[in-house]
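Colleague: Could you take me closely through a single part of this model, one residue at first, and then show me how its surroundings fit into the rest? Please keep it plain, as I am new to this.

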Amino acid sequence: MYVATSMLNAYAGTSFDCAYKLFDEIPVRNTVTSNSVISCFSRSGDVKGTRKMFDQMPLRDLASWSAMIAGYMNNGHWEEGAALFQEMVIFEQLKLDQVTIGPILAGCSEICSIGLLLGKSVHGFVVKNHLELNVELGTCLVDMYAKCGFMNFASLVFDMMKDRNVVTWTALICGAAKHGFGTESLKIFKKMRQGGVLPNEFTFTGVLCASVQAGLVNEGRGYFKMTKECGLRPTIQHCGCMVELFGKAGLLGEAYEVINTMSPEPIIVIWGSFLSSCKLHKQFEMAERVIEMVINVVRPENDGGVYTLISDLYVLGDKWAEAERVRQLMLHQHVRKARGCSFIRNNTT
């Protein structure tokens with residue numbers, strides 16, 4: 001049994017098919033072997049198969065519930081994971097730990113106001129049961145509150161933590177940048193650097209987003225240069241931030257240079273950002289350099305707005321024939337521009 005379980009764990013990390021075949025051949029199974037297969041199923045993305053295995057278990061321990069909840073959360077089934085967590089808390093006499101709570105907090109930020117409510121309840125459970133606020137649990141709480149826009153709560157948990165790592169700092173930096181607190185995000189980054197913490201690529205994504213939010217061109221240049229000084233290769237997200245930063249400031253030449261020197265090929269979002277800046281600053285000549293390249297990479301089923309943008313730019317440059325050509329191309333390829341939509345929260349219901 002111990003040998004089979006060890007082999008199952010080894011296969012679970014490398015080959016789903018081999019792990020499942022071995023599990024079928026084990027004559028007597030215990031909770032540990034079932035937990036290994038549940039983790040294997042969830043890693044493969046088969047959430048239904050994972051739940052079927054979970055429901056068939058005669059006995060479930062804390063690891064079983066944790067694996068199933070993590071399977072839901074890691075595969076984007078946020079509401080199912082939250083419901084299973086509530087079921088575990090209400091009906092099972094289990095002593096929860098940080099490993100179980102971490103995944104549920106990660107999913108709370110993905111299910112809007114209901115997730116925030118659940119996240120606060122989980123936080124209350126942590127406090128009530130005197131669970132240690134270690135780096136992993138603290139980071140999950142900071143990340144959850146920051147993604148939900150509750151920066152005061154995120155900062156409060158952050159300040160209560162005895163130990164922090166780069167992921168903790170990054171969660172606070174990115175949360176502040178995401179919700180429009182660009183200047184505050186950069187102040188947090190400065191404190192992180194003063195504390196001797198080395199930033200990672202996600203940290204710089206947050207910092208560059210904050211620079212765009214605050215319109216800080218010179219600071220953004222410096223942070224972009226700093227990525228290389230920290231031994232990191234600028235990612236497509238970093239380059240996209242710089243294109244947007246330069247574009248909004250009217251520095252289209254510098255934005256174009258970033259696009260030209262990118263090691264990964266620019267994606268359509270970056271091209272759209274650049275063309276939007278050209279339209280904003282009425283720089284048709286700059287847009288004309290890239291329009292043909294953009295037309296070659298746009299996808300009719302997804303990028304209808306880019307076709308419209310290109311047509312508008314041709315009109316801006318008094319090239320009516322080219323604008324009509326793009327319009328006809330949209331008709332022939334059945335291009336549809338996605339309609340805008342918005343959500344309004346009704347507090348009376």
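Modeller: Start with Ser 273, in what is a predicted model. Its relative accessibility is 19%, and the cut-off for buried is under 20%, so Ser 273 counts as buried. Ser 273 is part of helix H17. Setting aside residues up to four places away in sequence, Ser 273 touches Val 243 and Glu 244.

Now take the helix as a whole. H17 runs over residues 268-280, which makes 13 residues. How does the span of H17 compare with what 1.5 Å a residue should give? The expected span is 18 Å, and the end C-alpha atoms of H17 are 18 Å apart, so the two agree.

Ser 273 has company among the buried residues of H17: Ile 268, Ile 270, Trp 271, Gly 272, Phe 274, Leu 275, Ser 277 and Cys 278 are buried too. When you look down a helix, one rule helps. An α-helix has 3.6 residues a turn, so residues three or four places apart point the same way.

What do the buried residues of H17 pack against? Their partners are helix H15 (236-248), helix H16 (252-261), helix H18 (284-288), helix H19 (291-297) and helix H20 (304-316). Just past the end of H17, Lys 282 takes a positive phi of about 55°.

H20 is a good place to go next, as it is one of the partners of H17. H20 has 13 residues, and from its first C-alpha to its last it reaches 19 Å, close to the 18 Å expected at 1.5 Å a residue. The buried residues of H20 are Gly 304, Val 306, Tyr 307, Thr 308, Leu 309, Ile 310, Ser 311, Leu 313 and Tyr 314. They pack against H17, H18, H19 and helix H21 (320-332). Just after H20, Asp 318 takes a positive phi of about 60°.

Some of these names return in the nonpolar core. In soluble globular proteins, nonpolar side chains tend to be buried together. Here the largest nonpolar core has 99 residues, and the members that touch the most others are Ile 104, Phe 274, Leu 275, Val 294 and Ile 310. Phe 274 and Leu 275 are among the buried residues of H17, while Ile 310 is among those of H20. As for Ile 104, its contacts beyond four places in sequence are Ile 69, Met 73, Gly 81, Ala 82, Phe 85, Leu 118 and Val 122.

Not every buried residue has a long contact list. Gly 71, in helix H5 (residues 62-74), is buried with a relative accessible area of 2%. Leaving out neighbours within four places in sequence, Gly 71 is in contact with Ser 42 and Val 47. Gly 71 and Ile 38 lie 33 residues apart in sequence, and their C-alpha atoms are 8.1 Å apart in space.

A buried residue can also make a polar contact. His 123, in helix H8 (residues 112-128), is buried at a relative accessible area of 17%. Its side chain makes a polar contact of 2.9 Å with the side chain of Tyr 145. Tyr 145 also belongs to one aromatic cluster with Phe 150 and Phe 153.

Rings are worth a further look. A pair of aromatic rings is described by the distance of the centres and the angle of the planes. The structure holds eight aromatic pairs. In one of them, the ring centres of Phe 158 and Trp 169 are 4.8 Å apart and the planes meet at 75°, so the pair is edge-to-face. Phe 158 lies in helix H10 (residues 151-160) and Trp 169 in helix H11 (residues 166-178), so the pair ties together parts 11 residues apart in sequence. Phe 158 is buried at 6% relative accessible area, and Trp 169 counts as buried at 10%. Arg 164 lies over the face of Phe 158, 4.3 Å from the ring centre. A similar description fits Arg 60, whose charged end sits over the ring of Phe 54, 4.4 Å from its centre.

Finally, the wider setting. The protein has 21 helices and zero strands. Of its 349 residues, 45% are buried. Among contacts between residues at least 6 apart in sequence, 57% join residues at least 24 apart.

How values were computed:
Residues numbered from 1 in each chain as written. Predicted model: local features only at pLDDT ≥ 70, side-chain atom pairs only at ≥ 80, totals over all residues. Heavy atoms only, no water. Core = buried A, V, L, I, M, F, W, Y, C linked by side-chain atoms within 4.5 Å. Buried < 20%, exposed > 50% of the residue type's maximum accessible area, 1.4 Å probe, protein only. Contact = heavy atoms within 4.5 Å. Phe/Tyr/Trp six-rings, centres within 6.5 Å; stacked < 30°, edge-to-face > 60°. Helix = DSSP H or I, 4+ residues; strand = E, 2+ residues; numbered from the N terminus. Lys NZ or Arg CZ within 6 Å of the ring centre and 35° of its normal. Polar contact = N/O pair within 3.5 Å; in protein donor to acceptor, adjacent residues only side chain to side chain. Expected span 1.5 Å × (residues − 1).
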